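Let us take a walk through this structure together, moving from its sheets to its helices and then to a few side-chain contacts. Keep the model open beside you as you read.

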Amino acid sequence: MWRTDELLRLGFNSRRVKALVDSGELLRIRYGCYIRASKWQSLSLGGQARERIMAHAHGTLTTSTGGFIYSHLSAARLHGLFVWGVDDKVHVLHCARPSSDRWGKDVRGHSESFTEDDVVPVQGLRATTLDRTIFDCARMLGYPKALVIMDHGLRVGADINALEDLAASSSGKRGVRTLRKALANADPRSESAGETLTRELMQRLRIKPPQPQFEVQSRMGRHRMDFAWEEEKLALEFDGRTKYFDFNPTDEVIFQERRREKALVEEGWRFIRIEWKDLFQERAFKERVLRALG
């Protein structure tokens, strides 16, 4: 990643930089900050969002101001929290609001008081603490998106008592009802955004609640299912891309998953498998689950 002045010091003049951008070899992430296009294209959407934060930190003095910390969704990304359906802007928290053109068009600024107790270094940047990040995001987002961050935040070590204290002392603040609802319904056992949204959908559709991360024994050992109705011996598995593409070779993961399922079928278990698209076809989803539940 390079600023314009760094490229000039390396011997590239403005015409050469423009030619590299026009040819697609170099990509301008934000005003005055560039990255190799091949590097950018190799990143996931989440990776690209994190690079935008780094570009802002590395970026030009004309659009970056001192005295701020990374907050809200940017802090969530720096802390490695799951986010879903949110913007990819750089979020900064500032005690006093400067003009928007000083923040930059790719930046969303927030003005609210904070102290050094609210600040931690994350990936070399000053950002809000995990608890403050969850508190800020939950008040800014709609409920399902807030619940995704709340679930994962609690899973990776956020202090639920501290969050409840923040909620109790924030009466009248914008978004505090969403914060309290997310706290009341959070479950740190959720292992992905997809699992959180599946649980939220079943609750909203008033489907008999299953047990999350349910463990059961088969001839192949112990297995854990995303959701299970033990009495009906019915399991619901969320097949998101992360489950199959982020850790092990795809063919091997799917092979082992099918072996595991076959062993559980021998024990009398039935399976419903859903994907992202199923979460947005609510009537069909409900009919399918209720039919399987009998």
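**From sheets to side chains**

In this predicted model, β1, β3 and β2 make up an open three-stranded sheet, in the order β1-β3-β2, with antiparallel pairing. The edge positions belong to β1 (2-3) and β2 (26-30); each has a single partner strand, so one side of each is left without a neighbour in the sheet. Between β1 and strand β3 (residues 33-36) the antiparallel pairing runs over two bridges. If you look for a place to start, take Arg 3: its bridge partner in β3 is Cys 33.

Now stay with β2 for a moment, since that strand holds Ile 29. Is Ile 29 buried or exposed? With a relative accessible area of 16%, Ile 29 is buried, because the cut-off for that class is under 20%. Leaving aside residues up to four places away in sequence, Ile 29 touches Met 1, Ile 35, Trp 40, Arg 52 and Ala 55. One of these contacts reaches back to the start of the numbering: Met 1 is 28 residues from Ile 29 in sequence, and their C-alpha atoms are 9.3 Å apart in space.

Ala 55, one of the residues that Ile 29 touches, takes us to helix α4, where Ala 55 is buried along with Gly 47, Gln 48, Ala 49, Glu 51, Ile 53 and His 56. Helix α4 covers residues 45-58, 14 residues in total, and spans 20 Å from its first C-alpha to its last, close to the 20 Å expected at 1.5 Å a residue.

Next, please find β5 (90-94). How many of the five residues of β5 are buried? Five of the five are, and the strand is mostly covered. In a regular strand, side chains alternate between the two faces of the sheet. In β5, Val 90, Val 92 and His 94 point one way, while His 91 and Leu 93 point the other way. On one side, strand β4 (residues 68-70) is joined to β5 by three bridges, and the two run antiparallel; here Ile 69 stands opposite Leu 93. β5 also pairs with strand β6 (residues 107-111), this time in the parallel sense and over five bridges, with His 91 opposite Arg 108.

Further along the chain comes a hairpin. Strand β7 (residues 119-122) and strand β8 (residues 125-128) run antiparallel and are joined by four bridges. Val 122 has Leu 125 as its bridge partner in β8. Two residues lie between the strands of this hairpin, and in the turn Gln 123 has a positive phi of about 50 degrees.

Let us turn to charged residues. Arg 139 belongs to helix α7 (residues 130-140), and at 12% relative accessibility this arginine counts as buried. What does the side chain of Arg 139 meet in a polar contact of 3.1 Å? The partner is the side chain of Glu 112. Beyond residues up to four places away in sequence, Arg 139 touches Glu 112 and also Lys 173, Arg 174, Gly 175, Val 176 and Leu 179. Another charged side chain meets a ring: the charged end of Lys 181 sits over Tyr 143, 4.2 Å from the ring centre.

Rings also meet each other here, and a search of the whole structure finds four aromatic pairs. Among them is the pair of Trp 84 and Phe 280, which is stacked, with 6.2 Å from centre to centre and 20 degrees between the planes. This pair links distant parts of the chain, 196 residues apart: Trp 84 is in the loop between α5 (72-78) and β5, and Phe 280 in the loop between β12 (270-274) and α14 (282-293). Trp 84 is partly exposed at 24% relative accessibility, whereas Phe 280 is exposed at 53%.

Phe 238 and Trp 276 form an edge-to-face pair, 5.1 Å centre to centre, with 90 degrees between the planes. Phe 238 lies in strand β11 (residues 234-238) and Trp 276 in the loop between β12 and α14, so the pair ties together parts 38 residues apart in sequence. Phe 238 is buried at 5%, and Trp 276 is partly exposed at 29%.

Finally, step back to the whole chain. It has 14 helices and 12 strands, and 47% of its 294 residues count as buried. Of the contacts with a separation of 6 or more, 58% are between residues 24 or more positions apart.

Technical notes:
Residues are numbered from 1 along each chain as its sequence is written. This is a predicted model: local features need pLDDT of at least 70, side-chain atom pairs count only at pLDDT 80 or more; totals for chains, interfaces and linings use all residues. Side-chain values use heavy atoms; hydrogens and water are left out. The expected span of a helix is 1.5 Å times one less than its number of residues. Buried means under 20% relative accessible area, exposed over 50%, partly exposed in between (1.4 Å probe, protein chains only). Rings of Phe, Tyr and Trp (its six-membered ring) pair if their centres lie within 6.5 Å; planes under 30 degrees apart count as stacked, over 60 as edge-to-face and the rest as tilted. A charge sits over a ring if NZ of Lys or CZ of Arg is within 6 Å of the ring centre and within 35 degrees of the ring normal. A polar contact is a pair of N or O atoms within 3.5 Å; within protein, one must be able to donate a hydrogen and the other to accept it, and residues adjacent in sequence count only if both atoms are side-chain atoms. Contact means heavy atoms within 4.5 Å. Two strands pair if DSSP finds at least two bridges between them.
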